[in-house]
Amino acid sequence: MNVDNRMIFCHDNLDILRGINSDCIDLIYADPPFNKKKTFTAPVGSSAEGAEFSDIFKEEDIKDEWLVSISEDQEKIHNFLEGIKGIEGRTSYTFCYLAYMAVRLMECHRILKDTGSLYLHCDPTMSHYLKILLDCIFGEKNFRNEIVWCYTFPGNFPKDFPRRHDIILRYSKTENYFFYKKTISTPYKANFTSTRGVQGSHKYEEEHQKIRHEKGKTPEDWWTHISNVSQWRSELLGYPTQKPLALLERIIQASSKKGNIVLDPFCGCATTCVAAERLKRQWIGIDVSVKAYELVKQRLAKDVEREGELFYEKLVKFSTDPPKRTDQEPDYLPQKYVYIISHPQYEGEYKVGIASDVKSRLGSYQTGDPGRNYKLEHSCLTPYFREIEAYIHKKYENKHEWVQGDLKDIQFDIEHYEHENE
Ligand SMILES: C[S@@+](CC[C@H](N)C(=O)[O-])C[C@H]1O[C@@H](n2cnc3c(N)ncnc32)[C@H](O)[C@@H]1O
């Protein structure tokens, strides 16, 4: 394993996941944006004040490089995305969201151990599409459960049944997966305030499910006894879309044992990390927001204090740099082309992207242009294709991967990147 225990990465999870060795993680819980087409912000005055994330996926967020690596390595996913593109269009939120998720879920699959599992938290906005995507990546035979997490929340829906459940798709990497039935069949220690309830009500269901668990029965794939975090005042940090610790504890207990490695690539306010620490698992959290690092330390300090132990702040490590894989041949460096493409209609703008085959990349542009006016200005084969592309997109003003600048300058920067960064 090439990442330390108790590590928070503050960076895009795709780069971090790509830097993790293959076959080394026991459990991944992923709670990504759900494609709700809005921005989530923590309330002013809450512990999570300043936390914000966008749940809007547009064409400019999608990198050609993702679509290239999907079409090269994952024919089924490529075909699925092509189908979505045909139905909804390349600029649709659905296509953009699924392309974004596909490259990340492919990495999740690669880094899981053969005995490992993935729990993907989503809701009916995208769950049906994500199920197909995961079937393509993990194989239909490795689909284990569609868990329905039910909760209540105030609010009136004048013309619909209130939408009050999330979906958690559970997949194993192989059929030789771990499932620790005993740990979740024992009585569940939730804070029940009342033993009464009207038949059919939520409280009644809570009580009765508790009784069923006490009898040692494995819980069904619908969970009603874990309240939404907004009702767990003591846990609430104001982090948008924060999940309850009890939910994560159940998942971690079901699919990992003490000492195993749990990874959350969208860790938010680090609920998974706190639950894993409580249950004596190793953990890794990734989030683009630095809040994850601040909050995990606060939460753990408070938590273990309550348990009567000391928490050493220095135990939690932090990095903004992707790890370097140690499970490949030392001289193994995949190479791809960084290319510059122009079009007379976009004077002073150049498309800078990555491809394994520049001619077919150019060809795919030409098919959308009756005049076939796209021109390949430059290409260079390099192992630093990702770094160079990111560097150019950062250095020059850009829109949809088209950068504005002088062609000679851009070409110079691409060719000299390796020397400058040696
Ligand atoms: C639904 S929230 C996760 C909430 C979390 N389960 C909790 O209990 O706090 C999704 C998180 O994903 C993060 N995120 C979105 N895109 C990301 C990316 N590409 N890389 C890393 N984190 C990302 C957001 O900052 C946000 O914190």
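## A parallel pair to start

Strand E9 (residues 261-264) and strand E10 (residues 282-287) run parallel and are joined by four bridges. Two strands count as paired here if DSSP finds at least two bridges between them. Helices (H or I, at least four residues) and strands (E, at least two) are DSSP runs, numbered from the N terminus. Within this pairing, isoleucine 261 stands opposite glutamine 282 of E10. E9 also pairs with E2, again in parallel, through two bridges, and there isoleucine 28 has leucine 263 of E9 as its bridge partner.

E9 is covered on both faces: Ile261 and Leu263 are buried on one side, Val262 and Asp264 on the other. A residue is called buried if 20 or more other C-beta atoms lie within 10 Å of its own, exposed if 12 or fewer, and partly exposed in between, with C-beta atoms placed from the backbone. In a regular strand the side chains alternate between the two faces of the sheet.

## About the model

This is a predicted model, in which local features need pLDDT of at least 70 and side-chain atom pairs count only at pLDDT 80 or more, while totals for chains, interfaces and linings use all residues. Residues are numbered from 1 along each chain as its sequence is written.

The chain has 13 helices and 16 strands. Of its 422 residues, 37% are buried. Among contacts in the chain with a separation of 6 or more, 68% are between residues 24 or more positions apart; a contact means that two C-beta atoms, placed from the backbone, lie within 7 Å.

## The nine-stranded sheet

Let's step back to the sheet that holds E9. This open sheet has nine strands in the order E8-E6-E7-E5-E2-E9-E10-E1-E11, and its pairing is mixed. Its edges are strand E8 (222-223) and strand E11 (317-319), each of which pairs on one side only. Strand E5 (residues 112-122) and strand E7 (residues 165-172) run antiparallel, joined by six bridges, and tyrosine 119 has arginine 170 in E7 as its bridge partner.

Helix H4 (residues 93-111) packs on this sheet, touching strand E2 (25-30) and E5, and its direction makes about 150 degrees with that of E5. Axes are lines fitted to C-alpha atoms, for helices over the stretch in contact, and angles run from 0 to 180 degrees between N-to-C directions. Helix H5 (residues 127-138) lies across E5, strand E6 (143-150) and E7, running at about 5 degrees to E7.

## Where H4 meets H5

These two helices also pack on each other, at an angle of about 35 degrees and with their axes 10 Å apart. The crossing of H4 past H5 is right-handed, meaning that the near helix is turned clockwise from the far one by less than a right angle (anticlockwise would be left-handed). On the H4 side the contact includes Leu98, Met101, Leu105 and His109, and on the H5 side Leu130, Leu133, Ile137 and Phe138.

By class, this contact has 11 nonpolar, two polar and no charged residues. Ala, Val, Leu, Ile, Met, Phe, Trp, Tyr, Cys and Pro count as nonpolar, Asp, Glu, Lys and Arg as charged, and the others, Gly among them, as polar.

## The five-stranded sheet

Another open sheet has five strands in the order E14-E12-E13-E16-E15, with antiparallel pairing. Strand E14 (375-382) and strand E15 (398-399) are its edges, each pairing on one side only. Five bridges link strand E12 (residues 336-342) with strand E13 (residues 349-355), and glycine 353 in E13 is the bridge partner of tyrosine 339. Helix H12 (residues 385-395) packs on the sheet, touching E12, E13, E14, E15 and E16, with its direction at about 160 degrees to that of E13.

Valine 403 sits in strand E16 (residues 402-404). It is buried because 20 other C-beta atoms lie within 10 Å. Beyond its neighbours within four places in sequence, the contacts of valine 403 include Glu349, Tyr350, Val352, His393 and Ile410. The C-alpha atoms of valine 403 and histidine 393 are 6.7 Å apart, with their positions 10 residues apart along the chain.

## Around the ligand

Eighteen residues surround the ligand, and Asn13, Asp31, Phe266, Gly268 and Thr271 come nearest. A residue is near a molecule or strand if its C-beta atom, placed from the backbone, lies within 6 Å of it. By class, this shell has eight nonpolar, six polar and four charged residues.
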